[in-house]
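Please open the structure in your viewer and display it as a cartoon. This tour proposes a series of selections and describes what each one shows.

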Amino acid sequence: MTLAPLSNDVVSKKKIEFIDLKAQYESIKGKVDAAILHVLEHGHYIMGPEVQILESQLSAFCGAKHSLGCANGTDALGLAMRALDIQAGDAVFVPSFTFAATAESVCWFEATPVFVDVEEGTYNMCANSLKAAIDYAHSAGLRAKGIIAVDIFGQPANYDAIETLAKENDLWLICDAAQSFGATYKGRPVGSIGDITTTSFFPAKPLGCYGDGGAVFTNNTQLCEVMGSLRVHGKGADKYDNVRIGVNSRLDTLQAAVLIEKLSIFPEELKARQRVADRYSSALSDVVRVPALADGVTSSWAQYTIRVKDATQRQDLMDHLKERGVPSVVYYIKPLHMQKIYAQYPTPGGSLPVTEALADSVLSLPMHPYMDEAQQNEIIEAVRSFF
Ligand SMILES: *Cc1c(COP(=O)(O)O)cnc(C)c1O
């Protein structure tokens, strides 16, 4: 059999990955393999020593008094809300432009998610829309209880305005930082804001493990104790002393061991993500709308998301990129308030104009810390050649 000759160009080109977890593994393989082997040998697979070590490192990293590992980022939201004693009939204000888990966890408790629009600039929760939603909840006879702000694509939400509204209206604040661990808001690290911050270590998140994982962060010792009990069947003195209805939502020791190694390179990775974002923005800002960071805010760049004219142009651009070997993904093509199962919950005003426009016009480009300049140039060229 003879193989068709390939040009050098084709042979030498590395495939462009949307997120390159293999390249990351290659760079830390020795340490990760040793850490995993160490757990296999010591045998404390559930709540082994690595879990506590990781928790104290996470607290030191983000400046939260307490960190607790848990099974995933969705459970982290559930643990937070249960600790805040959410009840049926409570209203919780959530953006619609987010992953389903944000609203889903509210519905677990038969509470009511009330959908809020996002800002044109940052795609994060809009304070004016939040204010209108709080007024709506009062007029609809719901008990307004809390806010879940999402730091979409890695950028912290507008916490000055959101914290003010939370205070004025006696609402708790959960920061859904599944995408933003590692970011900062006006000098405050994500993890130290709100009553409770939740995050996810799903592999594709900025700080990901090799399976499911998550964490909650709080400065409130009592909330920490309750969440620590909830994640192990509502344990009291031990798991055979049950003082509340809990769940089973621990972080695996193996995942904690992986995360300890990944956390040690995370600051460097965040810098590399910033470099990728800077290069994209300077090369693309004249052809598409590039991400806008609010003043004093840093992003962990979970996604690098551009905005084009409309859904047709976006589809044409995606086809064009695909032909050139450049993967792209739409987050989020169907906002939650437009999903059949969530449409039963209130959307004050009947529609969320910014969210709906974004769903038709945003597109995320490959983003990870292991992208070399040649690859990035290819992506930039592929986008520019379309326009
Ligand atoms: C990924 C994500 C979650 C859920 O995290 P899992 O670990 O997958 O359960 C929650 N909220 C947002 C905004 C997310 O992006």
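Which residue of β10 is the bridge partner of Y185? Select Y185 and look across to β10: the partner is V297. Please bear in mind throughout that the model is predicted.

**The sheet**

Next, select strand β6, residues 184–185, together with β10; the two pair in the antiparallel sense over two bridges. Strands of a sheet pair through backbone hydrogen bonds, either parallel or antiparallel. Now add β7 to the selection, and an open sheet of three strands appears, with the order β7-β6-β10 and antiparallel pairing. At the edges stand β7 (188–189) and β10 (297–298), each with a single partner strand, so one side of each has no neighbour in the sheet.

**The kinked helix**

Select residues 21–42, which form helix α2. A straight helix of 22 residues would span 32 Å, whereas α2 spans only 27 Å between its end C-alpha atoms. Where should one look for the bend? Centre the view on I28, where α2 has a kink of about 80°.

Both ends of α2 also deserve a visit. At its start, show the side chain of D20: one of its oxygen atoms reaches to within 3.4 Å of the backbone nitrogen of K22. After the helix, select G43, whose phi is positive, near 80°.

Now show the side chains of Q24, I28, V32, A35 and V39, the buried residues of α2. An α-helix has 3.6 residues a turn, so residues three or four places apart point the same way. Add α3 (49–62) and α9 (253–284) to the view, since it is against these two helices that the buried residues of α2 pack.

**A serine in α6**

Move to helix α6, residues 127–139, and select S129 within it. Is S129 buried or exposed? Its relative accessibility is 17%, so S129 counts as buried. Leaving aside residues up to four places away in sequence, S129 touches V116 and D117.

**The cysteines**

Finally, display the cysteine sulfur atoms. How many disulfides are there? The count comes to zero. Select C126 to see one reason: its sulfur is 17 Å from the closest cysteine sulfur, in C175, which is too far for a bond. Then select C224, whose sulfur is 12 Å from the closest cysteine sulfur, in C70, again too far for a bond. C126 counts as buried at 16% relative accessibility, and C224 counts as buried at 13%.

Conventions: Residues numbered from 1 in each chain as written. Predicted model: local features only at pLDDT ≥ 70, side-chain atom pairs only at ≥ 80, totals over all residues. Heavy atoms only, no water. Helix = DSSP H or I, 4+ residues; strand = E, 2+ residues; numbered from the N terminus. Expected span 1.5 Å × (residues − 1). Bend = angle between axes of the 7 residues up to and from the residue. Buried < 20%, exposed > 50% of the residue type's maximum accessible area, 1.4 Å probe, protein only. Contact = heavy atoms within 4.5 Å. Polar contact = N/O pair within 3.5 Å; in protein donor to acceptor, adjacent residues only side chain to side chain. Disulfide = S-S within 2.5 Å. Pairing = 2+ DSSP bridges.
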